[in-house]
Amino acid sequence: MQLPAAQVAVLQAASADDATSVDAIAEATDLPPETVTGAVFELEDEGLVAVAERVDETITLTDEGAEYAAGDLPEIRLYEAALEAGADDDPVSMGRVIGAAELDGNQVDIALSNYARKGYGQIDSGEITADPNADPNADAEANALSALEDDGDGNVDGDSDSELADEFSDEIRDQLERRGLLELAETTTREVTLTDDGVTELMAGLETAETVGQVTPELLTGGEWEDVEFAEYNVEADAEQFEGGRVHILRQTADRVKDVLVGMGFREMEGPHVDADFWINDSLFMPQDHPARTHWDRFALERPTHIDELPAELVERVERAHREGVGEDGEGYHSPWDEDFARALALRGHTTSLSTRYLSGREIGEIEPPARFFSVEKVYRNDTLDPTHLLEFFQIEGWVMAEDLSVRDLMGTFEEFYAQFGIEDIQFKPHYNPYTEPSFELFGTHPTTGELVEIGNSGIFREEMLEPLGVECDVMAWGLALERLLMLMYGFEDIRDIHGTLCDLELLRETEVTY
Amino acid sequence: MPTVDIDPDELRELTGHDEKSDGELQEDLFGLGLEFEGRTEDGAFELEFAPDRLDRLSVEGVARSMRYQYGDARGVHVPATNSAEWTIRVDESVPDERPYVTGAVIRDIDLDEESLDSLIQLQEKLHATMGRKRAKGAIGIHDLTMLRGSPATEGNPTIEYVGIDPDGDRFVPLDSDAELTPAEVLEEHDTGRTYADLVSEYERYPAIYDDIGLFSFPPVINGRRTEVTTDSRDLFIEMTGTDQWTIDKMLNIVCYALAARGATLEDVVVEYEDGESANADSKGSRTQSGGSGLVRPDLSTRTKTVPHGRIETILGIDLDPDEVIDLAERSGLDATKQEGGSGTDTTTDATADELVYEFTVPPYRVDVLHPLDVIDDLGRAYGFNELEPKYPDVGTVGGRHERSRLEDATRTQLVGLGFEDLLNFHMISEGENNERLDLDPDADVYGAGEPATIKEPYSEDFTMLRTWVMPSLLMVLERNTHRAYPQHLAEIGFTAVVDETETIGVDERRHVGAVLANHDAGYEDAKARLQALARRFDVELETPPTEHPTFISGRTAAIVMDDEVVGVIGEVHPKVLVEHDLEVPVAAFEFDLAALE
């Protein structure tokens, strides 16, 4: 029979007549006890050995117990000092006896509390008497301590050594344990006996099987894998840290948003980051003297400065909407309008520039209602850079074009969208945007903190915006910073750790996967 | 967003609702869209609101809106004005850049500290918003009893709005004891310095005179002589600006606020030199009978015609006509039904037999530009949050743009090849983009090019758009030298260079950039991954040797995909590594994403 080396050694060290402990086998075979234990269980499974388990109680002297075993128990020293002082005849002053007994600290209390209990005499009103008939040599506790000490290392195998066990009763043992002079512990001992099968195999002769470290092509093709044992690994140990690649979490969040929107029937838009203010603002019915169009908010380009061409007829219609308004009762803005400003190039402050380009029919041709479009793309704002604000961030932009859209349609669309991210109970706060009416700020309940947070801005595009673009039905739209959604979903505190060249690779590597 | 400070006691007094607790007031204010942000040192509410209802920039205007909300007031209210006694004559010398003026006289005002503070706050808030920091409209309020005017031609005492030489006259401005010329005010007076940019380019400076002399230097500062105090009983208000409509509306808001304090309004005649200026249209309808002057304040109302059907489709509910009229009156508007009205206006979709309403809009409203704005008012009065959301019943087909699909597919491959996907800023500094990579923007190498530059950058770290992705990746390596290696980073990122052949003057591209940083990283590691990418997208890859200042000579190749040079691959030059505090070799490549199409 072929067995691994350890099992062979165990079989050879065990006996059919006497039970041998694992420790003894380990000593005999020079193998680590855990290896022997493993081999013993394997052999038990094979039916080659029988294993008996015994739970042993171990008694150990504490430091204090060892001290008293070497000397005397405090109460005995007190009794002897009391006899010396003649307390067997008349009561003697306590102070004198304690001094003579050379007791100190808590030994005094120990002596006093055990003195009367064990019949050495009486203590009353500061005086002590000694019973002349008491015999310290017959003190069972003192004798038990001595017996334990005589055992050498202070360890006693109580059950297996009947002689010792007889020397003191369980009562004494418990008493000494209470006094903190000895400690009791349990250990499990496994003892191995060869079974008949084990003896038979041993007689028939055993071969040691080869252990190998690695599965090799030769092992597999030669069929040797059938006879080998594989060296055991410490399968619990940590392996080397492996990073691998992963998609940036903000991209993952963007992809999730895109999935949701595509599922809701939205088509993706695409367009330039550098664009004319005409597409970014003028065609949105943003007055040219609106505060958001000053250099405080906007990144105008120094080079190049102006767009080559704008559709002349559209420019004229947009300018007319700004100056005169749209419709019989329409009023325009009482603001200056200059085509040169409309042609000025800037980094887009919102992706609504894509919406105006698409709505104008100049990107993918005229769009017929019903239609839904979206983008999740970068926008640029000259804001203060801080843990929650970046100069460039992703904006989720979406719009729905249909005949006769109502505020209720808008609310229903957003409720559906945000519910996909666990944000329920959307509240709609009436708001003002130059290009939408009615307009709403969207608030939602934070999925973990429960606080009310702003989650977007929305509205129905104004006719002053749509009419010049040639759109003859309703369009409702909304926008939201993707980073805001990310921070809500992951609970990050500083967006700069995530997005941009200040990012922390460890944070990116270790952020929990969400889906 | 604008903020306004409101004393809750004044609000209780002006609304007549003494019983309202501070908490109840805050709730009612939120209902109007005025959000409680905190309290000022004096215990006043600090309220933030969207910049449409500029008539709510003072406690008087907020109280008016609340009275409508409470149902204590209904419909349009226009205060009466007494006939004009005073005239503002606009001289032909007035600067072309600031030709317009308007004004009103206020009688029997009882100003205490609070109401004076409120008036000053309203003035400042209007300057900041409608007045576009005084550029478009500036307000001057004067103690009328300090003014002397004699009739210029006939009848009324007259004030003159003129243009003068910057050093043409002297006056004592507010907060000063010295007589200064307007030009000196711009240099020596704090307020003058703040607003100097508004007029310093003018040939002639705006100035307002009475018989005694110059008393106001708009839009910069008033004279000390006519300063308003709590003892002032009669006020003269003048506003100058670049647009008549804007200053007239600002004046209306101030007049409504003072009328709410119990003052009597009195007209002022504004006489322009030519009677009919180019801007006559926007000067409004109120003109002086038998004269060429405008009569101000112009408290005329405007009307908006809205079909019933349009109200119902926007709000998504059925409404009874009486309910519409009720909602209008609760919004401070008036509404009358007009069966089959003449409003066959294409933008409002009214047909001949349809029920339409004519809504009357009060003169303090500056936000109603279109009939839709009236529908918004009706929705607010109804309570938008009372509406039940519904999903729009229209089917559309969704889908991703091809460009973003390609980007995502490439990203998936990069991640599969073991790269950490990164996302960096598009704005960068010239130093980071070029010098630190030893790149000359004019050189004919991959990544170089004339950058699109920002006119007024946020800081010197963000002065241009990056021309390639490599600088960002090296910056990330630089900031993560304390993190575990290997660091295999990739970014599919936006880049831009000036290109006059493009309509927008800029060639915007996506680049695929990758760096491999490790103690044993080398050219072959980068090439192996690049080959895998090329194979997966079925493009033919060649890497002929080339020279590039960012990479080690002899270990650099051009990336040629399907016979076109589209990028560069190599081991990053030690001087670039040292510049970025890197102590490990870095192999890298970068190419145009479009090459994988």
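**View 1. A:Phe285 in its loop, in a predicted model.** Let's start in chain A, where A:Phe285 sits in the loop that runs between α14 (277-280) and β14 (299-303). The backbone does something to look out for here: phi of A:Phe285 is near 60°, a positive value, and the residue is not a glycine. Is A:Phe285 buried or exposed? With a relative accessibility of 1%, A:Phe285 counts as buried.

**View 2. A:Thr352 and the positions that go with it in the record.** An unreviewed UniProt entry lists A:Thr352 under "binding site", together with A:Gln395, A:Ile396, A:Glu397, A:Tyr435 and A:Phe461. Zoom in on A:Thr352 and you are in helix α17 of chain A, which covers residues 352-359. Relative accessibility comes out at 4% for A:Thr352, so this residue counts as buried. Who are its contacts, once neighbours within four places in sequence are set aside? They are A:Leu284, A:Gln395, A:Glu397 and A:Phe461. Look back at the record and you'll find A:Gln395, A:Glu397 and A:Phe461 in the "binding site" list as well.

**View 3. A:Tyr435, another position from that list.** A:Tyr435 is in the chain A loop that links β18 (427-433) and β19 (436-445). Its relative accessibility is 17%, and because the cut-off for buried is under 20%, A:Tyr435 counts as buried. Leaving out residues up to four places away in sequence, A:Tyr435 touches A:Leu284, A:Met286, A:His350, A:Ile460, A:Phe461, A:Arg462 and A:Met465. Two of those names, A:Leu284 and A:Phe461, also turn up as contacts of A:Thr352.

**View 4. A:Glu437, with contacts in both chains.** This residue is also given as a "binding site" in UniProt, again from an unreviewed entry. A:Glu437 belongs to strand β19 of chain A. It counts as buried, at 4% relative accessibility. Which residues does A:Glu437 touch, not counting those up to four places away in sequence? In chain A they are A:Ile460 and A:Arg462, while chain B supplies B:Leu372, B:Asp373 and B:Asp376. A:Ile460 and A:Arg462 are also touched by A:Tyr435.

**View 5. A:Ser406, where chain A meets chain B.** Here we are in the loop of chain A between β17 (392-402) and α18 (407-419), which holds A:Ser406. Setting aside residues up to four places away in sequence, A:Ser406 touches A:Ile460 from chain A, plus B:Thr313, B:Ile314, B:Leu315 and B:Gly316 from chain B. A:Ser406 is buried, with just 2% relative accessible area.

**View 6. A nonpolar patch on the surface of chain A.** Four residues, A:Val215, A:Leu220, A:Trp225 and A:Phe230, make up this patch of about 400 Å². If you want a landmark, pick A:Leu220, which lies in helix α12 (residues 217-222). Zooming out, the domain assignment splits chain A into domain 1 (63-187) and domain 2 (251-510), and their C-alpha centres lie 90 Å apart.

**View 7. Two cis peptide bonds in chain B.** One joins B:Pro218 to B:Pro219, with omega near -5°. B:Pro219 lies in the loop between β9 (214-217) and β10 (221-222). The other cis bond is found between B:Arg296 and B:Pro297, where omega is about 0°. B:Pro297 belongs to the loop between β13 (294-296) and β14 (302-307) of chain B.

**View 8. B:Asp108 and its positive phi.** In chain B, B:Asp108 is part of the loop between β5 (100-107) and α4 (113-128). Phi is near 55° for B:Asp108, a positive value in a residue that isn't glycine. With a relative accessible area of 45%, B:Asp108 is partly exposed.

**View 9. B:Pro157 and the domains of chain B.** B:Pro157 is in the loop between β6 (137-143) and β7 (158-164), and counts as buried at 19% relative accessibility. Its C-alpha atom is separated by 58 Å from that of B:Glu460, 303 residues apart along the chain. Chain B is divided into domain 1 (3-70), domain 2 (81-296), domain 3 (302-385) and domain 4 (402-596). How many residues of domain 1 are in contact with domain 3 in this chain? There are 8, and they contact 8 residues of domain 3. The C-alpha centres of these two domains of chain B lie 27 Å apart.

Terms used
Residues numbered from 1 in each chain as written. Chains lettered and ligands numbered in written order. Predicted model: local features only at pLDDT ≥ 70, side-chain atom pairs only at ≥ 80, totals over all residues. Heavy atoms only, no water. Helix = DSSP H or I, 4+ residues; strand = E, 2+ residues; numbered from the N terminus. Buried < 20%, exposed > 50% of the residue type's maximum accessible area, 1.4 Å probe, protein only. Contact = heavy atoms within 4.5 Å. UniProt positions renumbered as here; feature names shortened; annotations may be inferred. Patch = residues over 30% accessible without salt bridge, like charges linked within 9 Å, V, L, I, M, F, W, Y side chains within 5 Å. Areas by Shrake-Rupley, 256 points an atom, 1.4 Å probe, with all protein chains shown as cover. Salt bridge = Lys/Arg side-chain N within 4 Å of Asp/Glu carboxyl O. Domains from an automatic or database assignment.
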